[in-house]
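Let's take a walk through this protein together, one region at a time. Keep the viewer open so that you can follow along.

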Amino acid sequence: MDEFDEMGYSLSRLTLESDHFDHGNAALHPNKPMHNLEHEVAQLTKLRSNPNERLTRIGPRRQDLPMSTVRMLAGREGNYSGRGGRFSSADRCHVLSRYLPVNGPWLVDRMSSRAYVSQFSANGSLFIAGFQDSHIRIYNVDRGWKVQKNIHVKSMRWTVTDTSLSPDQRHLVYASMSPIVHMVDVGSSETESHANITEIHEGLDFSSGDDDGGYSFGIFSIKFSTDGHELVAGSSDDSIYVYDLEANKLSLRIPAHSYDVNTVCFADESGHLIYSGSDDTLCKVWDRRCLQTTGKPAGVLTGHIEGIAFIDSKGDGRYFISNGKDQTIKLWDIRKMSSSPTRTPGLRISEWDYRWMDYPSQAKGMKHPSDQSVATYRGHSVLRTLIRCYFSPAYSTGQKYIYTGSHNSYVYIYDLVTGAQVATLKHHKAPVRDCSWHPYYPMLVSSSWDGEVVKWEFPGNEEAPAPFPRKRVWRRHFS
């Protein structure tokens, strides 16, 4: 706790004269741009997080600073925007995105093994954390972070590599270094879920008939489709797998890359497009509507000079970000993809292995000569494990930030448009592999190899805030 300086702000202490971005000291950084992003995504981000033009005309203020919350509220009450005293979604994002979840942290749980996975459910009522000692815990956020289900994993190899909660929040799937993915009933009355003892952990076999069974490959990444009917997985045998849950069988295997497929996700709600990232340094886009005809990716995106650790989609079927072992996050627009990779012989660092070696100093700042990315973000470190990165929530921030864990035990928050580090969360004593920003409330939870799961929030008092229904208060006041 001593490493973190509290913000000392709360909504009740806002002052009329404050037109500045609300900030503390050690945790927040001056907004020093790393780049000037003039791409279309920058304009979309501004449209989704900038206030109504009429609201900006309320009283004198410095035009180079964000409009203060008090002025925004005054403008809403005076119906300056002509919306009947209501905020637009962009007005709401402009207000809520100013209150970064940097206060704390408060302990959620402490385990005796490394935490590998941590994610909020889509509505923020549940939180899932997966640990290396064969435990997955589901916390009920509405009920003071009470453990709703303690899952004892079946047939785990090495660690829980990934989990995914179904859209209806009824089932959780978990993966390990095995072709068998297991599914658990989240809504059952059993708190202690022992595989096939107190509850059935249904096994979903991702191996094809040509495989020799057993542990022929492992799964690094798994995701539900938006309709909950399918699962997509990335594996150690360089492939992408799609599993049809209604038919209860494997429906598609794509020999996708030349090395491990560390990360996969659906691009949008349609489920037609799949993004993948691999240790071959490439991001690929797959269109299932034409895959049977071509057998090839719809496109390839080149830019990382080391393997891809994680991909997160913006959800619009156009943009995504990737975390790379070259110590960068890259923002991509799939309209810039090419039909085949642009390779530069000798660009990768020979004999370097991120699992036990530091990144060579001579490689820092190195850029691929055929980089197709829209923007690059630097400052965090991707070493020892597949560190994850994400867009900030659409509801409260308009996805104007990118955040990531880091090998150096911090959580970093970047401004999407400027590339500036706007906050660094310092608490953990070991790598932060995963972290998750609440979809509505200014709360972020980080999980680390030190075994701790902690939450960061905006409020500036010294007591741990009530977890929810404060979410509903924020949604009502800023709608």
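Strand β7, residues 171–175, pairs with strand β8, residues 180–185, in the antiparallel sense, and 4 bridges join the two. This is a predicted model, so please read everything below as computed from its coordinates. To find the register of this pair, select Val173, whose bridge partner in β8 is Met183.

Zoom out a little and the pair turns out to belong to an open sheet of 4 strands, arranged in the order β6-β7-β8-β10 with antiparallel pairing. Which strands form its edges? They are β6 and β10 (202–205), each of which pairs on one side only. On average, neighbouring strands in this sheet are turned by 25° against each other, with direction ignored.

Staying around β6, two backbone angles deserve a look. Trp158 sits in the loop between β5 (146–152) and β6, and its phi is near 75°, a positive value in a residue other than glycine. Gln169 lies in the loop between β6 and β7, and this residue, also not a glycine, has a positive phi of about 60°. Are these two buried or exposed? Trp158 counts as exposed because its relative accessibility is 57%, above the 50% cut-off. Gln169 is buried, because its relative accessible area of 17% falls under 20%.

Another backbone feature is found in strand β1 (residues 103–110), the place of Pro105. The peptide bond leading from Gly104 to Pro105 is cis, and its omega is near 5°.

Now for the empty space. Rolling a probe the size of a water molecule over the atoms shows where such space is left. The largest pocket holds about 1,400 Å³ of space. It is lined by 39 residues, and the closest to its centre are Gln119, Phe120, Ala122, Asp312 and Ser313. The elements that each supply at least two residues of this lining include β6, the edge strand we met in the open sheet. Also among them are β2 (115–120), β11 (219–224), β15 (261–266) and β19 (308–313). Further along the chain, β23 (389–391), α5 (394–397) and β27 (432–437) contribute to the lining of the largest pocket as well. If you are thinking about its chemical character, the lining divides into 19 nonpolar, 13 polar and 7 charged residues.

Ser313 is a good residue to pause on. It is placed in strand β19, and it counts as buried because its relative accessibility is 14%. What does its side chain find around it? A polar atom of the Ser313 side chain lies 2.7 Å from the backbone oxygen of Ala267. The backbone nitrogen of Gly315 lies 2.9 Å from a polar atom of that side chain of Ser313.

Enclosed spaces come last. How many cavities of 30 Å³ or more are there? The count comes to 4, and the largest cavity holds about 60 Å³ of space. Of the 14 residues lining the largest cavity, Ile305, Asp326, Thr328, Met366 and Arg378 are the closest to its centre. Two elements give two or more residues to that lining, namely β21 (328–333) and β22 (375–378). By class, the lining of the largest cavity has 4 nonpolar, 5 polar and 5 charged residues.

Notes:
Residues numbered from 1 in each chain as written. Predicted model: local features only at pLDDT ≥ 70, side-chain atom pairs only at ≥ 80, totals over all residues. Heavy atoms only, no water. 1 Å grid on protein atoms, 1.4 Å probe; cavity = no way out; pocket = protein on both sides within 12 Å on 5 of 7 lines; lining within 4 Å. Points joined across faces, edges and corners; volume = space filled by probe spheres on them. Nonpolar A, V, L, I, M, F, W, Y, C, P; charged D, E, K, R; others polar. Pairing = 2+ DSSP bridges. Axes fitted to C-alpha atoms, helices over the stretch in contact; angles between N-to-C directions. Buried < 20%, exposed > 50% of the residue type's maximum accessible area, 1.4 Å probe, protein only. Polar contact = N/O pair within 3.5 Å; in protein donor to acceptor, adjacent residues only side chain to side chain.
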